[in-house]
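Ready for a little practice? Take a look at the model, then work through the exercises below.

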Amino acid sequence: MDQFSAAKSGTPILRVRSLSHSFNQGGSESEVLTDVSLDVNSGEMVAVVGPSGSGKSTLLLLIAGIEQLQRGTVSVAGIDIATLTDEQVHDYRRQRIGLIFQNFNLLGTLTSLENVALPLELGGMPRKLAAMAAKEALSLVEIDADACHRFPDQLSGGQQQRVAIARSIVGERQLILADEPTGALDVATGREIIGILRERVSSGAAAVIVTHDPQVAASCDRVVNLLDGKLLAGIPL
Ligand SMILES: Nc1ncnc2c1ncn2[C@@H]1O[C@H](COP(=O)(O)OP(=O)(O)OP(=O)(O)O)[C@@H](O)[C@H]1O
Ligand SMILES: [Mg+2]
């Protein structure tokens, strides 16, 4: 058992406290997130909505440990990610977090199948087993055998998005962070994808879903708003 699975039950999977973040824009510091706090429990799917530029992607990147924390804390399964070494942060991301980037971030030199299998292989899973798990995840999102062996630039935007989703659900991820996961999909496919994420969440994971789509937001358990860098209705009373 590793430090993450040793987390106490009853602890929210995700606990964000007083997160503030600034970027240097055109020579001056501009605060993008101000004092953001958010709890997400196991079994919960939370939608984050807000205007373009309100800091939604930045929030996900901070939770994923990709963007360096400046102020505030992020704990996942009871572990404060600021206490992890660089190597532990990589393990944290690979093993615990399923991240669907807004721009998919598939590796261009790997096929769909290899993109999905990679985090498992990096986590030590034998190649054949990783390929089998990747195939299963890809078939869930309806990527056929042919598209499994194509490279991202040979796929449509919707197919790339589905491969990115398969990569985020393969293995046992505790926390799925999805940045506009249905942005490149038609309405029916989007609904199916949300159904797949819901299944994962029902079996004990949690999800934070950034979306501009009111229907996707409505299908989540809770909706929080990012406005002028502040999160409204983050922690349930
Ligand atoms: N690496 C960066 N360096 C400087 N500024 C950045 C950086 N990343 C984001 N920003 C700025 O921070 C603000 C928030 O960006 P972010 O991408 O988090 O917004 P968003 O809510 O995801 O928007 P969208 O809905 O368009 O995806 C924007 O003003 C953006 O220009
Ligand atoms: Mg964004």
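**Exercise 1: two helices**

Ala137, Leu138 and Leu140 in α4 meet Val163, Ala166 and Ile169 in α6 (a contact means C-beta atoms, placed from the backbone, within 7 Å; helices are DSSP runs of H or I with at least four residues, strands runs of E with at least two, numbered from the N terminus). This is a predicted model, where local features need pLDDT of at least 70 and side-chain atom pairs 80 or more, while totals for chains, interfaces and linings use all residues. Residues are numbered from 1 along each chain as its sequence is written, with chains lettered from A and ligands numbered from 1 in the order written.

Task: work out how α4 and α6 pack.

Step 1. Helix α4 spans residues 127-140 and α6 spans 157-169; the angle is about 130° and the axes are 9 Å apart (lines fitted to C-alpha atoms over the stretch in contact, angles from 0 to 180 degrees between N-to-C directions).

Step 2. The pair is therefore oblique (under 35 degrees is roughly parallel, over 145 roughly antiparallel, 65 to 115 roughly perpendicular, the rest oblique).

**Exercise 2: the sheet**

Task: find the strand order and the edges.

Step 1. Six strands make an open, mixed sheet, ordered β6-β7-β8-β3-β9-β10 (pairing takes at least two DSSP bridges).

Step 2. β6 (97-100) and β10 (230-232) each have a single partner strand, so they stand at the edges.

Step 3. Now zoom in: β7 (175-179) and β8 (206-210) run parallel over five bridges, and Ala178 has Ile209 in β8 as its bridge partner.
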